[in-house]
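This report considers strand pairing, a pocket and several individual residues in turn. The sequence and the structure are shown first.

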Amino acid sequence: ALPMEEMRGRWRLVASPDGAEGSTTIGQDARLWATVLTTGEQIDYALAPGRLAYVQVICGELEINAKSLRAGDGAKIAAESALQFVADEAAEILLFDLPPAH
């Protein structure tokens, strides 16, 4: 269980290959991040060159780089380096930072 206050308005590392920041260690070149945003709140994420992102909206509604998503939606993001998340209503989000597809 993750304390909600560790995710409010910031990215909280949930899983990583090296267990950084108290995250669960996984045997993959991937990082799983979680955040909780209030209505109107914005958070950014910098995606390293060549990396992919998969975003899952757990609840709420938001825009990612001006594309609308709502609870239950997922999005694969490639060829982007700057991701901007703006909550249209309170939202909980998971972001998977993944290696390039082969």
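In this predicted model, Glu61 stands opposite Arg70 in strand 6. The pair belongs to the ladder between strand 5 and strand 6, which run antiparallel and are joined by four bridges. The two strands form a hairpin with two residues between them.

**The turn of the hairpin**

Asn65 and Ala66 each lie in the loop between strand 5 and strand 6. Phi of Asn65 is near 45 degrees, a positive value in a residue other than glycine. Ala66 likewise has a positive phi, near 70 degrees, and is not a glycine either. How exposed are the two residues, Asn65 and Ala66? Asn65 has a relative accessibility of 28% and therefore counts as partly exposed, since the class covers values between 20% and 50%. Ala66, at 63%, counts as exposed because its value is over 50%.

**The largest pocket**

Asn65 also takes part in the lining of the largest pocket, together with Ile64, Lys67, Leu69, Ala75, Lys76, Ile77, Glu80 and Leu83. The elements that give two or more residues to this lining are strand 6 and strand 7, the latter spanning 74–77. Which of the strands gives the most to the lining? It is strand 7, with three residues. The space in the largest pocket is about 150 Å³. By character, the lining residues divide into five nonpolar, one polar and three charged.

**Strand 1 and its partners**

Strand 1 comprises residues 12–16 and is mostly covered, with four of its five residues buried. Strand 1 pairs with strand 3 (residues 31–37) in the antiparallel sense over three bridges. With strand 2 (residues 24–25), strand 1 runs parallel, and two bridges join them. Ala15 has a partner in each of these strands: Ala15 stands opposite Leu32 in strand 3, while in strand 2 the bridge partner of Ala15 is Thr24.

Arg12 is also placed in strand 1. Is this arginine, Arg12, buried or exposed? Its relative accessible area is 11%, so Arg12 falls under the 20% limit and is buried. The side chain of Arg12 is joined to that of Glu6 by a polar contact of 2.6 Å. Leaving aside neighbours within four places in sequence, Arg12 is in contact with Leu2, Glu6, Met7, Glu21, Gly22, Leu32, Trp33 and Ala34. Leu32, in this list of contacts, is the residue of strand 3 that stands opposite Ala15.

**Arg51 and Pro99**

Arg51 lies in the loop between strand 4 (42–46) and strand 5 (52–64). With a relative accessibility of 15%, Arg51 counts as buried, because the value is under 20%. Which side chains make polar contacts with the side chain of Arg51? They include Asp29, at 3.0 Å, and Asp97, at 2.8 Å. Not counting residues up to four places away in sequence, Arg51 touches Asp29, Ala30, Asp97, Leu98 and Pro99.

The side-chain polar contacts described in this report are set out below.

| Side chain | Partner side chain | Distance |
|---|---|---|
| Arg12 | Glu6 | 2.6 Å |
| Arg51 | Asp29 | 3.0 Å |
| Arg51 | Asp97 | 2.8 Å |

Pro99 is located in the segment after strand 8, which spans 82–98. Its relative accessible area is 30%, so Pro99 is partly exposed, the value lying between 20% and 50%. Beyond residues up to four places away in sequence, Pro99 touches Asp29, Arg51 and Leu52. Asp29 thus appears among the residues touched by Arg51 and among those touched by Pro99. How many residues separate Pro99 and Thr25 in sequence? They are 74 residues apart in sequence, and 17 Å apart in space from C-alpha to C-alpha.

How values were computed: Residues are numbered from 1 along each chain as its sequence is written. This is a predicted model: local features need pLDDT of at least 70, side-chain atom pairs count only at pLDDT 80 or more; totals for chains, interfaces and linings use all residues. Side-chain values use heavy atoms; hydrogens and water are left out. Buried means under 20% relative accessible area, exposed over 50%, partly exposed in between (1.4 Å probe, protein chains only). A polar contact is a pair of N or O atoms within 3.5 Å; within protein, one must be able to donate a hydrogen and the other to accept it, and residues adjacent in sequence count only if both atoms are side-chain atoms. Contact means heavy atoms within 4.5 Å. On a 1 Å grid over the protein atoms alone, a cavity is a set of points where a 1.4 Å probe fits but cannot get out, and a pocket is an open set with protein on both sides within 12 Å along at least five of seven lines; lining residues have an atom within 4 Å of a point. Grid points are joined across faces, edges and corners, and a volume is the space filled by probe spheres set on the points. Ala, Val, Leu, Ile, Met, Phe, Trp, Tyr, Cys and Pro count as nonpolar, Asp, Glu, Lys and Arg as charged, and the others, Gly among them, as polar. Two strands pair if DSSP finds at least two bridges between them.
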